[in-house]
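Visitor: Got a minute to walk me through this one? I'd like to start with the basics and then get into the side chains.

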Amino acid sequence: YDIAARVVNPNAQWRALVTYALEVPGAPSESMRTALLPGRDRWLVRLNVESATSPRGATLTIGGITWDRVTTRTGPDVERYIQERLNLDVRDAAFIGPSALGFGTIGAGASSGTPAISRASFTVTNQSAYGLLNPEFTVLLRRSGAIVGVNRLTVASLMSGETAHIAATWFHP
């Protein structure tokens, strides 16, 4: 199972360092950590969770939050400081189903012997003056508003002005 939960830091000046667990019935718990920038939201994900049961949901448990004031050398405008450093432009997001990839139809899969591979792709441009090492992208696949697929990708680097074409692959329809 792939689990996703959206969290928000409503504070405009303080970063939240969060310890949390995305708990799935029938699966061992796993403690994780993340940083939530001031005024930002983030998708927390846990991928490939094996459960001894057929869970109908998951629970986000917050283990602890440590607040850290964001300080800048340029003054108190935290929003400008973040925007100057994390100005990423994501475009041309597309879903490519199994038949478009040459892997049969959406009904294909393990039972038919035909692979059912699908892909989501997008282009991202780093429009900031700063290079990023190991930027992480969470890809949510939606159908009629409901999340039907989750994936997470890490790119080795995304330098200032660089454009990258990124694709997330699912090995099922």
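Visitor: What share of the 173 residues is buried?
Guide: Buried residues account for 31% of the chain's 173 residues. Keep in mind that this is a predicted model.

Visitor: And the secondary structure, how many helices and strands?
Guide: One helix and 12 strands. In sequence order the pattern is β-β-β-β-β-α-β-β-β-β-β-β-β.

Visitor: What about contacts, what fraction join residues at least 24 apart?
Guide: 64%, counted among contacts between residues at least 6 apart in sequence.

Visitor: How much accessible surface does the chain have?
Guide: About 10,400 Å². Carbon and sulfur atoms supply 51% of that.

Visitor: On to the inside. Which residues touch the most other members of the largest nonpolar core?
Guide: Tyr20 and Leu22, in a core of 13 residues. Strands S1 (3-8), S2 and S3 each give two or more residues to this core. The largest share comes from S2, with four residues.

Visitor: Which residues does Tyr20 touch?
Guide: Setting aside residues up to four places away in sequence, its contacts include Glu30, Ser31, Met32, Arg33 and Thr34. Leu44 is another, and so are Leu60, Thr61, Ile62 and Gly63.

Visitor: What else is there in the way of cores?
Guide: There is a second, separate core of 12 residues. Val124, Leu141, Ile166 and Trp170 are among its members.

Visitor: Back to S2. Is Thr19 buried or partly exposed?
Guide: Partly exposed, at 25% relative accessible area. Thr19 sits in strand S2.

Visitor: Which residues is Thr19 in contact with?
Guide: Leaving out neighbours within four places in sequence, Thr19 contacts Ser31, Met32 and Arg33. Thr61, Ile62, Gly63 and Gly64 are also on its list.

Visitor: And how far is Thr19 from Thr66 in space?
Guide: 8.7 Å, C-alpha to C-alpha. Along the sequence the two are 47 residues apart.

Visitor: Let's switch to the outside. Which residues make the nonpolar surface patch?
Guide: Trp14, Leu60, Ile62, Ile65 and Trp67. Together they make a patch of about 440 Å².

Visitor: Which strand gives the largest share of that patch?
Guide: Strand S5, residues 59-69, with four residues. Leu60 is in S5. Its relative accessible area is 31%, which makes it partly exposed.

Visitor: Now charges. How many salt bridges are there?
Guide: Eight. One of them pairs Glu30 with Arg46, with 3.9 Å between the closest N and O atoms.

Visitor: Why does that pair matter for linking parts of the chain?
Guide: Glu30 is in the loop between strand S2 (14-23) and strand S3 (31-36), while Arg46 is in strand S4 (residues 41-46), so the bridge ties together parts 16 residues apart in sequence.

Visitor: Is Arg46 buried or exposed?
Guide: Buried, with a relative accessible area of 7%. Its partner Glu30 is partly exposed, at 39% relative accessibility.

Visitor: Which residue does Arg42 form a salt bridge with?
Guide: Glu136, with the closest N and O atoms 4.0 Å apart. Arg42 is in strand S4 and Glu136 in strand S9 (residues 136-143), so this pair ties together parts 94 residues apart in sequence.

Visitor: And how accessible is Arg42?
Guide: Arg42 has 30% relative accessibility and counts as partly exposed. Glu136 is partly exposed as well, at 42%.

Visitor: Which residues are linked in a network of salt bridges?
Guide: Arg80, Glu84 and Arg85.

Visitor: One more. Which residue does Asp89 bridge to?
Guide: Arg91, with the closest N and O atoms 2.5 Å apart. The two side chains are also joined by a polar contact of 2.5 Å.

Visitor: Where is Asp89, and is it buried or exposed?
Guide: Asp89 is in strand S6, residues 88-96. At 18% relative accessibility, Asp89 counts as buried, because the cut-off for buried is under 20%.

Visitor: Which residues is Asp89 in contact with, leaving aside neighbours within four places?
Guide: Thr123, Val124, Thr125 and Gln127. Val124 also belongs to that second core.

Terms used. Residues are numbered from 1 along each chain as its sequence is written. This is a predicted model: local features need pLDDT of at least 70, side-chain atom pairs count only at pLDDT 80 or more; totals for chains, interfaces and linings use all residues. Side-chain values use heavy atoms; hydrogens and water are left out. Buried means under 20% relative accessible area, exposed over 50%, partly exposed in between (1.4 Å probe, protein chains only). Contact means heavy atoms within 4.5 Å. Accessible areas come from the Shrake-Rupley method with a 1.4 Å probe; for residues, only the protein chains shown count as cover. A salt bridge is a side-chain nitrogen of Lys or Arg within 4 Å of a carboxyl oxygen of Asp or Glu. A polar contact is a pair of N or O atoms within 3.5 Å; within protein, one must be able to donate a hydrogen and the other to accept it, and residues adjacent in sequence count only if both atoms are side-chain atoms. Patches are made of residues with over 30% relative accessible area and no salt bridge: like charges are joined within 9 Å, nonpolar side chains (Val, Leu, Ile, Met, Phe, Trp, Tyr) within 5 Å. A nonpolar core is a set of buried Ala, Val, Leu, Ile, Met, Phe, Trp, Tyr and Cys residues joined through side-chain atoms within 4.5 Å.
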